[in-house]
Amino acid sequence: MKQAISLKEALQIIETKDVNGFPIPFDISFRTLNKNSKSGGALRTLQQATILTSLPKQQLTDQQKAANLLIANKSRRKPFHFLNRTRNLKKANGEIAKVHIRLITSINHQNVEY
């Protein structure tokens, strides 16, 4: 039987970073849901996913810093993750997935309870 953890502990696992400031990979399972079209319910599993955050500035190379200066600053809408109860996760292949925290079923093979 799998060990159960609380949602708070699951979010702490998601937000964990190593000593260099890089996010630590984890395995996560969650359900899909679209309230507008009233569809979803599929179980999705991501292996070796990390939270999408900015990398530590001291770790950027000079070439990356120069590339960042050349990119035009585009005004972006803030994601309001706290209000919407969502997190952006980076998959192992580099794609981005938005996850609603209330739909997380397990993290690192431990069931999540509310």
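In this predicted model, K91 forms a salt bridge with E95, and the closest N and O atoms of the two side chains lie 3.4 Å apart. Side chains of opposite charge can pair when their charged atoms come close. Both partners can be placed on the scale from buried to exposed: K91 is partly exposed, with a relative accessible area of 26%, and E95 is also partly exposed, at 41%.

How many salt bridges does the structure hold? There are two. The other pair to look for is E15 and R87, whose side chains meet with an N to O distance of 3.5 Å. This pair links distant parts of the chain, for E15 belongs to helix 1 (residues 7-15) and R87 to strand 4 (residues 86-90), 72 residues apart. Is R87 buried or exposed? With a relative accessibility of 16%, R87 counts as buried, because the cut-off for that label is under 20%. E15, in contrast, is partly exposed, with a relative accessible area of 39%.

Strand 4, the home of R87, is a good place to continue. Four of the five residues of strand 4 are buried, so this strand is largely enclosed by the rest of the structure. On one side, strand 4 is joined to strand 3 (residues 39-51) by two bridges, and the two strands run antiparallel. Here I51 stands opposite L89. Strand 4 also pairs with strand 5 (96-100), again in the antiparallel sense, this time over five bridges. Within this pairing, T86 has H100 as its bridge partner. Strands 4 and 5 make a hairpin with five residues between them, and G94 takes a positive phi near 100° there.

A second hairpin can be found in strand 2 (residues 26-34) and strand 3, which pair in the antiparallel sense over seven bridges. Four residues separate these two strands, and K38 in the turn has a positive phi of about 55°. Along the pairing, L33 stands opposite G40, while R31 faces L43. Strand 2 has a further partner in strand 6 (residues 104-107), which runs antiparallel to strand 2 and is joined to it by three bridges. In that pairing S29 is found opposite S106.

These pairings can now be seen as parts of a wider arrangement. Seven strands form an open sheet in the order 1-7-6-2-3-4-5, with mixed pairing. Which strands lie at the edges of the sheet? They are strand 1 and strand 5, each of which pairs on one side only. From one strand to the next, the twist averages 35°.

Helix 1 lies across strands 1, 2, 3, 4, 6 and 7, and runs at about 85° to strand 1. The buried residues of this helix are L7, A10, L11 and I14. Why do they line one face of the helix? Seen down the axis of helix 1, the buried residues fall within an arc of 100°, so they share one face. The general rule is that an α-helix has 3.6 residues a turn, so residues three or four places apart point the same way. The cover over the buried residues of helix 1 includes strand 1 (4-6), strand 2, strand 3, strand 4, strand 6 and strand 7 (110-113).

In soluble globular proteins, nonpolar side chains tend to be buried together. Here, the largest nonpolar core has 18 residues, and I14 and L89 touch the most other members. Two or more residues of this core come from each of helix 1, strand 2, strand 3, strand 5 and strand 6. Helix 1 gives the most, with four residues. Leaving aside residues up to four places away in sequence, the contacts of L89 include I14, F26, I28, L46 and V99. Also among the residues that L89 touches are I51, which stands opposite L89 across the strand pairing, and E95, the salt-bridge partner of K91.

Note on methods: Residues numbered from 1 in each chain as written. Predicted model: local features only at pLDDT ≥ 70, side-chain atom pairs only at ≥ 80, totals over all residues. Heavy atoms only, no water. Pairing = 2+ DSSP bridges. Salt bridge = Lys/Arg side-chain N within 4 Å of Asp/Glu carboxyl O. Buried < 20%, exposed > 50% of the residue type's maximum accessible area, 1.4 Å probe, protein only. Arc of directions from axis to C-beta. Contact = heavy atoms within 4.5 Å. Core = buried A, V, L, I, M, F, W, Y, C linked by side-chain atoms within 4.5 Å. Axes fitted to C-alpha atoms, helices over the stretch in contact; angles between N-to-C directions.
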